[in-house]
Structures are given as structure tokens and as C-alpha cells.
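Biologist: I am new to this structure. Please take one part of it, the salt bridges and what surrounds them, and go through it closely.

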Amino acid sequence: MATDPIPIAGLKVITIEHNSKTYEFKTLNEAMAWAKELGEFVTIKFNDLEIAGKFGADGITSGKFPNDEPYTWKKRRRQ
């Protein structure tokens with residue numbers, strides 16, 4: 001089943017939520033670059049979508065981030 005691409009070009013504001021604060025960006029690339037540099041769990045919101053995670057992490061293996069930091073249910077819920 002094919003899906004239509006998300007019309008990123010038509011976005012007016014992209015927000016990132018981190019530690020109960022909201023930051024605004026003009027492009028998704030800017031938002032993702034900031035989140036990756038921050039290196040912490042964030043939520044990016046745009047077009048009624050939410051992307052949550054620690055950007056720059058390649059994945060979770062054996063319950064840990066690539067830097068050996070543990071990834072737990074508590075970590076997901078405290079953000």
C-alpha cells in the first residue's frame with residue numbers, strides 16, 4: 001500500500017519539545033540537526049505528526065543506545 005509523501009515544503013512551523021520547553025524551527029532539516037546535536041530525547045511535531053526519539057542514535061541493541069547508555073521504559077516515559 002503506497003502512501004503520499006508528507007508535504008514538508010508547505011510547513012509553516014516545526015516544533016521540538018524538550019524538557020517541558022518548546023522550540024520552533026522553519027525547516028525539518030534545521031529541527032533534526034538541532035535535535036541530533038542536542039543528543040537527548042525530543043519530540044518533533046509537524047503536520048499533525050509526532051516523531052519522538054533520540055536523534056543520531058543508530059538504534060537500540062540489547063536494551064542500550066550505541067553509546068552504551070541504557071534504554072529503558074522509565075527513560076521513554078520521563079521525557
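Modeller: In this predicted model, Glu69 has a relative accessibility of 26% and counts as partly exposed, because that value falls between the 20% limit for buried and the 50% limit for exposed. The side chain of Glu69 meets that of Lys54 in a salt bridge, with 2.8 Å from N to O. Lys54 belongs to strand 4 (49-54), while Glu69 sits in the loop between strand 4 and helix 2 (73-78), so this pair ties together parts that are 15 residues apart in sequence.

Salt bridges with shared partners also join Glu17, Lys45 and Glu50 into one network. In total, the count of salt bridges comes to three.

The network can be taken one pair at a time. Glu17 and Lys45 meet through their side chains in a salt bridge of 2.9 Å, N to O. Glu17 is in strand 1 (residues 14-18) and Lys45 is in strand 3 (residues 41-46), so the contact ties together parts that lie 28 residues apart in sequence. The side chain of Lys45 forms a salt bridge with that of Glu50 as well, at 3.5 Å from N to O.

How exposed are these residues? Glu17 is partly exposed, at 33% relative accessibility. Lys45 is partly exposed too, with a relative accessible area of 26%. Glu50, at 57%, is exposed, because its value is over the 50% limit.

Strand 1, which holds Glu17, deserves a further look. This strand is mostly covered, with four of its five residues buried. Strand 1 pairs with strand 2 (residues 21-25) in the antiparallel sense, over five bridges. One of the partnerships is between Ile16 and Tyr23, the latter in strand 2. The two strands form a hairpin with two residues between them, and in the turn Asn19 has a positive phi of about 50°.

Strand 1 also runs antiparallel to strand 3, and three bridges join the two. Here Thr15 has Lys45 of strand 3 as its bridge partner. Lys45 therefore has two kinds of link to strand 1: a bridge to Thr15, and a side-chain salt bridge to Glu17, which lies in that strand. As a general point, side chains in a regular strand alternate between the two faces of the sheet.

To recap, Lys45 takes part in salt bridges with Glu17 and with Glu50, and the pair of Glu69 and Lys54 forms another.

Methods
Residues are numbered from 1 along each chain as its sequence is written. This is a predicted model: local features need pLDDT of at least 70, side-chain atom pairs count only at pLDDT 80 or more; totals for chains, interfaces and linings use all residues. Side-chain values use heavy atoms; hydrogens and water are left out. A salt bridge is a side-chain nitrogen of Lys or Arg within 4 Å of a carboxyl oxygen of Asp or Glu. Buried means under 20% relative accessible area, exposed over 50%, partly exposed in between (1.4 Å probe, protein chains only). Two strands pair if DSSP finds at least two bridges between them.
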